[in-house]
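Biologist: I've got the fold on my screen and a few labels I'd like you to justify. Can you walk me through them?

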Amino acid sequence: MHIIVNNQPKELAQDAVLQELLVSLEIATNGIAVAINNTVIPKSDWNVTTLNKNDNVMIIQATQGG
């Protein structure tokens, strides 16, 4: 199925969950926030949140600065 991740197209298996997407992208899960269709998904729900066709996923990495 087709989704958008940080404005880039991505193909996933049907019924994939958010955690599977993060693993496939090889993203470290510490210090990130994830929103699907402008709704922030709590980390505790990443294993049970199913992605749907045409979902817009935004992954935000926390950065340090001064």
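Modeller: Sure, and keep in mind that this is a predicted model. Let's begin with Leu 21, which touches Ile 3, Val 5, Lys 10, Leu 12, Leu 51 and Val 57, leaving aside residues up to four places away in sequence.

Biologist: What makes those touches contacts?

Modeller: The cut-off is heavy atoms within 4.5 Å, and Leu 21 touches each of the six on that list.

Biologist: Which residues have the most contacts inside the largest nonpolar core?

Modeller: That core has 16 residues, and Leu 21 is listed with Ile 3, Leu 18, Val 34, Leu 51 and Val 57 as having the most contacts inside it. Two or more core residues come from each of strand E1 (2-5), helix H1 (18-24), strand E3 (32-36) and strand E5 (56-61). As a rule, nonpolar side chains in soluble globular proteins tend to be buried together.

Biologist: Why is E3 called mostly covered?

Modeller: Because buried means under 20% relative accessible area, and four of the five residues in E3 are buried.

Biologist: How do you know that E3 pairs with E5 and E4?

Modeller: Pairing takes at least two bridges. E3 and E5 have five, in the antiparallel sense, with Ala 33 bridging to Ile 60. E3 and E4 (residues 39-40) have two, also antiparallel, so they pair by that rule too. One of the bridges there puts Ile 36 opposite Thr 39.

Biologist: What makes the pairing in the whole sheet mixed?

Modeller: The open sheet runs E2-E1-E5-E3-E4. E1 and E5 are parallel over two bridges, with Val 5 partnered by Val 57, whereas E3 and E5 are antiparallel.

Biologist: Why are E2 and E4 called edge strands?

Modeller: Strand E2 (8-11) and E4 each pair on one side only.

Biologist: Now Asp 55, in the loop between E4 and E5. How do you know that it has no salt bridge?

Modeller: A salt bridge needs a Lys or Arg side-chain nitrogen within 4 Å of the carboxyl oxygen. The nearest side chain of opposite charge, Lys 53, is 12 Å away, so the buried Asp 55 goes without one.

Biologist: What does the side chain of Asp 55 make a polar contact with?

Modeller: With the side chain of Asn 37, at 2.9 Å, inside the 3.5 Å limit. A polar atom of the Asp 55 side chain also lies 2.7 Å from the backbone nitrogen of Asn 52. Asn 37 itself sits in the hairpin of E3 and E4, with a positive phi near 50°.

Technical notes: Residues numbered from 1 in each chain as written. Predicted model: local features only at pLDDT ≥ 70, side-chain atom pairs only at ≥ 80, totals over all residues. Heavy atoms only, no water. Core = buried A, V, L, I, M, F, W, Y, C linked by side-chain atoms within 4.5 Å. Buried < 20%, exposed > 50% of the residue type's maximum accessible area, 1.4 Å probe, protein only. Lys, Arg positive; Asp, Glu negative; His and termini not counted. Polar contact = N/O pair within 3.5 Å; in protein donor to acceptor, adjacent residues only side chain to side chain.
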